[in-house]
Amino acid sequence: MRVNPDYVTNIVGSLNQVTASEQTLTEELSTGVTVNSLSDNPAAAGQNVLITSQLNAEDTFSQTASSVESLLQVGDSALGNVVSQLTSAISLATQAINGTQNPSNEQSIATQLTGIRDEVVSLANSSYMGQYIFAGSLGNTAPFSINITTSPATVTYNGDSNVSYVQTPSGQQIQTNIPGNQIFSAAGADVLGTLNNLIADFSSGTPAASSSADLTSLNAALNYVSQQRVVLDDSITRLTAAANYNTSESTQIQSVQDSLIQTNTAQVASQLSSAETQQAALTQVIAAIDKQGTLFNELQ
């Protein structure tokens with residue numbers, strides 16, 4: 001009996017192909033994806049690289065947006081408290097100017113205004129995660145310091161005037177800060193300077209001639225702070241909308257990626273079972289051919 005060597009070679013080749021297919025299917029089941037190397041599906045692998053890059057960019061933006069939104073909310077809360085403090089200061093200054101207060105009351109109002117001024121300085125030096133909110137780009141520097149050895153007291157701004165932005169994946173630019181000198185010591189709306197002037201106006205027990213003008217300036221400063229707060233509120237609104245859109249888009253892109261490379265477990269399991277059956281059958285055939293060849297040699 002003679003065995004066709006080409007027949008045996010073909011069977012061995014088929015066994016190798018089935019074994020390789022079995023290994024590929026096993027890897028797909030274990031990893032959960034159909035593309036584990038470029039050779040598996042070059043087109044899908046390339047597309048997957050682009051999708052992964054986009055998802056990483058959107059994930060980075062989501063993390064940045066969350067941190068920046070928290071910072072903006074802290075800043076917005078601080079300015080809300082400043083508005084409340086200035087409203088109280090205006091009420092006190094109005095009482096001091098109306099001519100019904102005795103010297104002791106005038107000095108008491110000056111003391112209360114001092115407490116308000118100190119609270120506003122503290123709010124102007126608000127920080128988030130160790131970074132001062134109103135210092136421009138100098139987050140490690142407390143933006144405001146006060147010198148009470150003079151009358152009126154003087155305030156120094158130690159930050160800079162740099163405005164920061166965050167860019168969304170779609171290319172929008174959203175403002176993420178307002179430098180403190182644009183809020184608390186702006187020309188024509190000098191919050192801290194006006195408070196210091198009013199404290200000096202009433203410290204002697206008699207309203208100074210400049211007290212009415214200083215009260216008018218404080219009203220202007222209050223309106224200006226409220227306007228600056230609107231800028232932060234607008235940034236919060238835009239950032240929230242961008243983050244929500246980003247989350248929705250990421251979900252859609254993730255779905256596309258899953259459809260592109262995710263393993264169909266039931267289908268692959270069925271294919272693997274079929275491959276294992278083929279492998280067993282081919283192994284048996286090769287064993288039988290090998291046995292027949294051995295027997296033929298012994299009969300010669």
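Which element gives the largest share of the lining of the largest pocket? I shall answer that question in a moment, after a brief introduction to the chain.

Good morning. The structure before you is a predicted model. Its chain has 300 residues, and 34% of them are buried. There are 6 helices and 6 strands. Reading from the N terminus, the order of elements is α-α-α-β-β-β-β-β-β-α-α-α. Please also note how the contacts are spread along the sequence. Among contacts between residues at least 6 apart in sequence, 69% join residues that are at least 24 apart.

Let me return to the opening question. The element is helix H2, and the largest share of the pocket lining, 3 residues, comes from this helix. The largest pocket holds about 230 Å³ of space. Its lining consists of 14 residues, and those nearest the centre are Leu71, Gln131, Tyr132, Gly136 and Asn177. Two elements, H2 and strand E2, which spans 131–132, give two or more residues each to this lining. What is the make-up of the lining by class? It has 6 nonpolar residues and 8 polar ones, with no charged residues.

I turn now to the interior. The largest nonpolar core has 47 residues, and the ones with the most contacts inside it are Leu86, Leu113, Val120, Phe184, Phe202, Val225 and Leu239. Four helices each supply at least two residues of this core: H2 (42–97), H3 (103–124), H4 (191–203) and H5 (211–261). Helix H2 appears here again, and it gives the most to the core, with 14 residues.

Leu113 may serve as an example from this core. If we set aside its neighbours within four places in sequence, Leu113 is in contact with Ala89, Leu92, Leu198, Ile199 and Phe202.

A second example is Gln228, which is placed in helix H5. Is Gln228 buried or exposed? Its relative accessibility is 11%, so Gln228 counts as buried, the cut-off being under 20%. Apart from residues up to four places away in sequence, Gln228 touches Leu79, Ile178, Gln182 and Ile183.

My last topic is the aromatic rings. A pair of such rings is described by two values, the distance of the centres and the angle of the planes. How many aromatic pairs does the structure hold? There are 3 aromatic pairs, and I shall present two of them.

In one pair, the ring centres of Phe134 and Phe184 are 5.6 Å apart and the planes stand at 75°, so this pair is edge-to-face. Where do these two residues lie? Phe134 is in the loop between E2 and strand E3 (144–147), while Phe184 is in the loop between strand E6 (173–175) and H4, so the pair ties together parts 50 residues apart in sequence. Both Phe134 and Phe184 are buried.

Another pair is formed by Phe144 and Tyr157; it is tilted, with 5.1 Å from centre to centre and 50° between the planes. Phe144 belongs to strand E3 and Tyr157 to strand E4, residues 154–157, so this pair ties together parts that are 13 residues apart in sequence. Phe144 and Tyr157 are both buried as well. Phe134, Phe144, Tyr157 and Phe184 together form one aromatic cluster.

To close, I would ask you to find two features in the structure. One is helix H2, with its 14 residues in the largest nonpolar core. The other is Phe184, a member of the aromatic cluster and one of the residues with the most contacts inside that core. Thank you for your attention.

Notes
Residues numbered from 1 in each chain as written. Predicted model: local features only at pLDDT ≥ 70, side-chain atom pairs only at ≥ 80, totals over all residues. Heavy atoms only, no water. Core = buried A, V, L, I, M, F, W, Y, C linked by side-chain atoms within 4.5 Å. Buried < 20%, exposed > 50% of the residue type's maximum accessible area, 1.4 Å probe, protein only. Contact = heavy atoms within 4.5 Å. 1 Å grid on protein atoms, 1.4 Å probe; cavity = no way out; pocket = protein on both sides within 12 Å on 5 of 7 lines; lining within 4 Å. Points joined across faces, edges and corners; volume = space filled by probe spheres on them. Nonpolar A, V, L, I, M, F, W, Y, C, P; charged D, E, K, R; others polar. Phe/Tyr/Trp six-rings, centres within 6.5 Å; stacked < 30°, edge-to-face > 60°.
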